[in-house]
Amino acid sequence: MIKKISLIIGCVILASCTMHPLGIADDTWQAMTPEQQAQAYQKQADIDAKERASQQAQAAAEKQQIAEIKANPKYGQYVQCIVEGAKYNDFIDGSSTVQPFNFDAISNKTLNTNITYYRNGDKFFEEHKQLFVSFDGQQITLCDSDNQFNNKCSTLNATSKQYSKGVKLKFSGSILNGFAKCDMVYDRHSNNSQNKNIVINL
């Protein structure tokens, strides 16, 4: 009986939360003419189109900014890492062997990298996962989603000086276990436009 009551209440709540264009309340929507409803749908479509265009413009601008940083990186801004012999914890089968991979980290940007791992170490069960990479100038963080509240992450920590010389770092955190070789990419002669030398200590 309790289950039936809960089901009825759930259906009532769901019906009351029916989404209409422009956030129009259900009782107001029911009182509108078909022409008014059509106009509301059109206005909502216009708003959605503008939102998508704005998001695409922002994504394009971000992509362009990242490309410019990679083309002319400043000291402490851009790090490249190579990972070999690591394991990934998918929280289902535990730690699984990861194929070697590399990733970029740019200060105050969120990038992504793709990894391939084998569940239980069996190559027959090949899985792919996208990780999100952020960098604050010293700590590199890799997470399995870009949700700011996500705690399924692993980190690498070093100073700018260590990154500039090239450093081997151990992952700490919950999703990756192993080591990464990280090197800063930067222009040692940024003040001399005639003699630019990008340094990659790989």
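Is K109 buried or exposed, judged by its relative accessibility? In this predicted model, K109 has a relative accessibility of 11% and therefore counts as buried, since the cut-off for that class is under 20%. The residue is a useful point of entry, and its partner is taken up again below.

The chain as a whole is built from 4 helices and 11 strands. Of its 202 residues, 33% are buried, and the chain exposes about 13,200 Å², of which carbon and sulfur atoms supply 51%. When contacts between residues at least 6 apart in sequence are considered, 38% of them join residues at least 24 apart.

Helix α3, which runs over residues 34-71, offers a check on its own geometry: at 1.5 Å a residue its 38 residues should span 56 Å, and the C-alpha atoms at its ends lie 55 Å apart, which agrees with that expectation. The buried residues of α3 are Q37, A40, I66 and I69, and these pack against α2 (26-31), β3 (101-106) and β4 (110-118). An α-helix has 3.6 residues a turn, so residues three or four places apart point the same way.

Two salt bridges connect α3 with other parts of the chain. In one of them, E62 pairs with K109, with the closest N and O atoms 3.3 Å apart. Because E62 lies in helix α3 and K109 in the loop between β3 and β4, this pair ties together parts that are 47 residues apart in sequence. E62 itself is partly exposed, with a relative accessible area of 31%, whereas K109 is buried, as stated at the outset. In the other, the side chains of K70 and D104 meet at 2.9 Å, N to O; here the link runs from helix α3 to strand β3, between residues 34 apart in the sequence. K70, at 34% relative accessibility, counts as partly exposed.

The count of salt bridges comes to 3, and the one still to be described joins K181 and D183, whose closest N and O atoms are 2.9 Å apart. K181 is partly exposed, with a relative accessible area of 32%, while D183 is buried, with a relative accessible area of 0%.

The model also contains 2 disulfides. The sulfur atoms of C81 and C182 are 2.1 Å apart, and the link is right-handed, with 110 degrees about the S-S bond. Since C81 lies in strand β1 (residues 78-89) and C182 in strand β10 (residues 176-187), the pair ties together parts that are 101 residues apart in sequence. Both ends count as buried, C81 at 1% relative accessibility and C182 at 0%.

In the second disulfide, the sulfur atoms of C143 and C153 lie 2.0 Å apart, and the torsion about their S-S bond is about 105 degrees, so this disulfide is right-handed. It links C143 in strand β6 (residues 139-143) to C153 in strand β7 (residues 153-157), the two cysteines being 10 residues apart. C143 is buried with a relative accessible area of 11%, and C153 counts as buried at 14%. Numbered in sequence order, the bonded cysteines of the chain pair as 1-4, 2-3.

A final detail concerns S96, which is found in strand β2 (residues 95-98). At 1% relative accessibility S96 counts as buried, and a polar atom of its side chain lies 3.4 Å from the backbone oxygen of Y118.

Definitions and conventions
Residues are numbered from 1 along each chain as its sequence is written. This is a predicted model: local features need pLDDT of at least 70, side-chain atom pairs count only at pLDDT 80 or more; totals for chains, interfaces and linings use all residues. Side-chain values use heavy atoms; hydrogens and water are left out. Buried means under 20% relative accessible area, exposed over 50%, partly exposed in between (1.4 Å probe, protein chains only). Contact means heavy atoms within 4.5 Å. Accessible areas come from the Shrake-Rupley method with a 1.4 Å probe; for residues, only the protein chains shown count as cover. A disulfide is a pair of cysteine sulfur atoms within 2.5 Å. The expected span of a helix is 1.5 Å times one less than its number of residues. A polar contact is a pair of N or O atoms within 3.5 Å; within protein, one must be able to donate a hydrogen and the other to accept it, and residues adjacent in sequence count only if both atoms are side-chain atoms. A salt bridge is a side-chain nitrogen of Lys or Arg within 4 Å of a carboxyl oxygen of Asp or Glu.
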